[in-house]
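Got the viewer open? Keep the selection box handy, and we'll go from stop to stop together.

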Amino acid sequence: MSKVKAQVMDGENIRRALYRLSHEITERNKGVEDLVLIGIRTRGVPLAQRLAKLIGEHEQTEIPVGTLDITFYRDDLTLISPQPVLHRTDVPFDINGLKVVLVDDVLYTGRTVRAALDALMDLGRPSMIQLAVLIDRGHRELPIRADYIGKNVPTSQREVVQVRLNETDGEDRVIIEELTRE
């Protein structure tokens with residue numbers, strides 16, 4: 001059981017954070033040449049698509065976007081479900097030599113990103129891999145950090161950060177829920 005403790009971002013806050021991130025990505029990469037975005041399922045995908053749209057608008061070019069399913073790369077696969085649901089990885093371009101920005105909704109322990117790096121390396125050898133996240137909540141278990149962060153949200157281990165997006169949840173907001181004992 002959990003109860004909503006706080007809303008940390010609404011739709012406008014998310015839009016502004018993504019707008020800022022789109023500019024940071026462009027600036028750090030000195031433009032968009034050889035740049036692609038790959039979203040980590042589930043909510044990293046619409047975030048990557050939104051970032052690509054924003055970058056495309058201010059750079060007047062289309063940014064390729066891919067989708068990465070990390071299910072079989074997770075180190076907790078047996079804990080998730082005896083029959084995990086597989087989705088498709090869809091990266092319709094060769095990543096060799098490209099600058100890849102991995103996009104996810106929440107950075108927590110770092111284990112999802114580690115799995116995504118493994119999955120990505122099976123697809124090819126990019127010249128560079130960067131990480132963009134909407135929320136960094138801390139509590140890392142692996143030495144992984146984001147290059148681009150929409151918002152740092154300090155949390156306790158008893159809290160859960162829920163990112164809700166129009167594309168997957170019918171609303172744009174980020175909330176913190178507190179786990180309660182029943």
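Which residues are linked with Arg164 in a network of salt bridges? They are Glu171, Arg173 and Glu177, so select these along with Arg164 to see the whole network. A salt bridge here is a side-chain nitrogen of Lys or Arg within 4 Å of a carboxyl oxygen of Asp or Glu.

Before you zoom in, a word on what's on screen. This is a predicted model, where local features need pLDDT of at least 70 and side-chain atom pairs count only at pLDDT 80 or more, while totals for chains, interfaces and linings use all residues. Residues are numbered from 1 along each chain as its sequence is written, and side-chain values use heavy atoms, with hydrogens and water left out.

**Stop 1: the salt-bridge network**

Start with arginine 164 and glutamate 177, whose closest N and O atoms are 3.5 Å apart in their salt bridge. Arginine 164 sits in strand 7 (residues 159-164) and glutamate 177 in strand 8 (residues 173-179), so this pair ties together parts that are 13 residues apart in sequence. Helices (H or I, at least four residues) and strands (E, at least two) are DSSP runs, numbered from the N terminus. Both arginine 164 and glutamate 177 are buried; that word means under 20% relative accessible area, with exposed being over 50% and partly exposed in between (1.4 Å probe, protein chains only).

Now click glutamate 171. Its salt bridge with arginine 164 has closest N and O atoms 3.4 Å apart, and glutamate 171 is partly exposed at 28% relative accessibility.

**Stop 2: a pair on helix 4**

Next, select aspartate 118 and arginine 114, a salt bridge whose closest N and O atoms are 2.4 Å apart. The two are four residues apart in helix 4 (residues 111-121), which means about one helical turn separates them. Aspartate 118 is partly exposed, with a relative accessible area of 35%, and arginine 114 is partly exposed too, at 24%. The salt-bridge count comes to 17.

**Stop 3: strand 4 and its neighbours**

Select residues 99-107, which form strand 4. Eight of its nine residues are buried, so strand 4 is largely enclosed by the rest of the structure. Two strands pair if DSSP finds at least two bridges between them. Strand 2 (residues 35-40) runs parallel to strand 4, joined by five bridges, and isoleucine 38 stands opposite leucine 102. Strand 5 (residues 128-136) also runs parallel to strand 4, with eight bridges joining them; look there for aspartate 104 opposite valine 133.

Now shift the selection to residues 100-112. UniProt, in an unreviewed entry, places the feature "short sequence motif: PRPP-binding" here; such annotations may be inferred rather than shown by experiment. The span is 15% helix and 62% strand, and its end C-alpha atoms lie 16 Å apart.

**Stop 4: helix 1**

Last, select residues 11-28, the 18 residues of helix 1. At 1.5 Å a residue (times one less than the number of residues), helix 1 should span 26 Å, and its end C-alpha atoms agree at 26 Å apart. Ile14, Ala17, Leu18, Leu21, Ser22, Ile25 and Thr26 are buried. Looking down the axis, you'll find the buried residues within an arc of 165 degrees, so they line one face of the helix; the arc uses directions from the helix axis to the C-beta atoms. Arg16 and Glu27, on the other side, are exposed.

Finish just past helix 1 at lysine 30, where phi is positive, near 50 degrees.
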